[in-house]
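Q: Could you take me through the pockets of this model, and the sheet around them? I'd like a close look at that one part, with whatever helps me place it in the fold.

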Amino acid sequence: MKFTYFRNLNKNEKYSTNKRQLKLVFFNIEMDVSFGLVRKFEFDSRCPNKPNIFGNVVASISYSRDRTVLFSLYPLSIADYPNRASDDFNNQILLTIKQWLEGQFNKPDTALLGYEQLVIEWTENEHLLHKVKFL
């Protein structure tokens, strides 16, 4: 795991997780991780089927056909992302992301036509995961 970028936050912001938690869950997975490289998530213009997102995107993870992984986290307002959301992200969502990644690793090369992305949204009540494919 390589932390490629880390934006320091102001006192009113937080990330959905921290470096320590990521190292605990993804200790055996090679990936690039960026904290706040961009302040807000935006879909790639080549995205054919953009899901409707009404909440805040807290993280996205991309898996490309060359089998590289990019995990991006986005800054969130402390007022919009309570501690229970962080706890849910660390205890449930990270494990779901790991399972999704392991599924990607297990695909044969012929099944990797473009890249796939998992987008994690916080809706003020729950995390929603959106799977997106780019060809």
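**The pockets and the sheet**

A: Let's start with the second largest pocket of this predicted model: S4 and strand S5 (69-73) each give at least two residues to its lining. S5 makes the largest contribution there, with 3 residues. The pocket holds about 210 Å³ of space. In total 13 residues line it, and those nearest its centre are Val-38, Ser-60, Leu-70, Ser-72 and Tyr-74. By character, the lining splits into 6 nonpolar, 5 polar and 2 charged residues.

Now for the largest pocket, at about 280 Å³. It is lined by 15 residues, with Lys-40, Phe-41, Gly-55, Asn-56 and Val-57 closest to the centre. S4 turns up again here: strand S4 (56-63) and strand S6 (76-77) each supply at least two residues of this lining. The chemistry of the lining comes to 7 nonpolar, 3 polar and 5 charged residues.

So much for the pockets; on to the sheet. Six strands make up an open, mixed sheet, and the order runs S1-S3-S5-S4-S7-S8. At the edges sit strand S1 (2-6) and strand S8 (127-134), each of which pairs on one side only. On average, neighbouring strands in this sheet are turned by 15 degrees against each other, ignoring direction.

If you follow S4 across to strand S7 (residues 115-122), you'll find the two paired antiparallel over 7 bridges. One spot to click on is Ala-59, which stands opposite Ile-120 in S7. Helix H2 packs on the sheet and touches S4, S5, S7 and S8, with its direction at about 165 degrees to that of S7.

H2 itself spans residues 83-105, and Asn-90 is part of it. Is Asn-90 buried or exposed? Its relative accessibility is 15%, and the cut-off for buried is under 20%, so Asn-90 counts as buried. Setting aside neighbours within four places in sequence, Asn-90 is in contact with Ser-16, Thr-17 and Gln-21. To tie this back to the second largest pocket, take Leu-70, one of the residues nearest that pocket's centre: its C-alpha atom is 18 Å from that of Asn-90, and the two residues are 20 apart along the chain.

Definitions and conventions:
Residues are numbered from 1 along each chain as its sequence is written. This is a predicted model: local features need pLDDT of at least 70, side-chain atom pairs count only at pLDDT 80 or more; totals for chains, interfaces and linings use all residues. Side-chain values use heavy atoms; hydrogens and water are left out. On a 1 Å grid over the protein atoms alone, a cavity is a set of points where a 1.4 Å probe fits but cannot get out, and a pocket is an open set with protein on both sides within 12 Å along at least five of seven lines; lining residues have an atom within 4 Å of a point. Grid points are joined across faces, edges and corners, and a volume is the space filled by probe spheres set on the points. Helices (H or I, at least four residues) and strands (E, at least two) are DSSP runs, numbered from the N terminus. Ala, Val, Leu, Ile, Met, Phe, Trp, Tyr, Cys and Pro count as nonpolar, Asp, Glu, Lys and Arg as charged, and the others, Gly among them, as polar. Buried means under 20% relative accessible area, exposed over 50%, partly exposed in between (1.4 Å probe, protein chains only). Contact means heavy atoms within 4.5 Å. Two strands pair if DSSP finds at least two bridges between them. Axes are lines fitted to C-alpha atoms, for helices over the stretch in contact, and angles run from 0 to 180 degrees between N-to-C directions.
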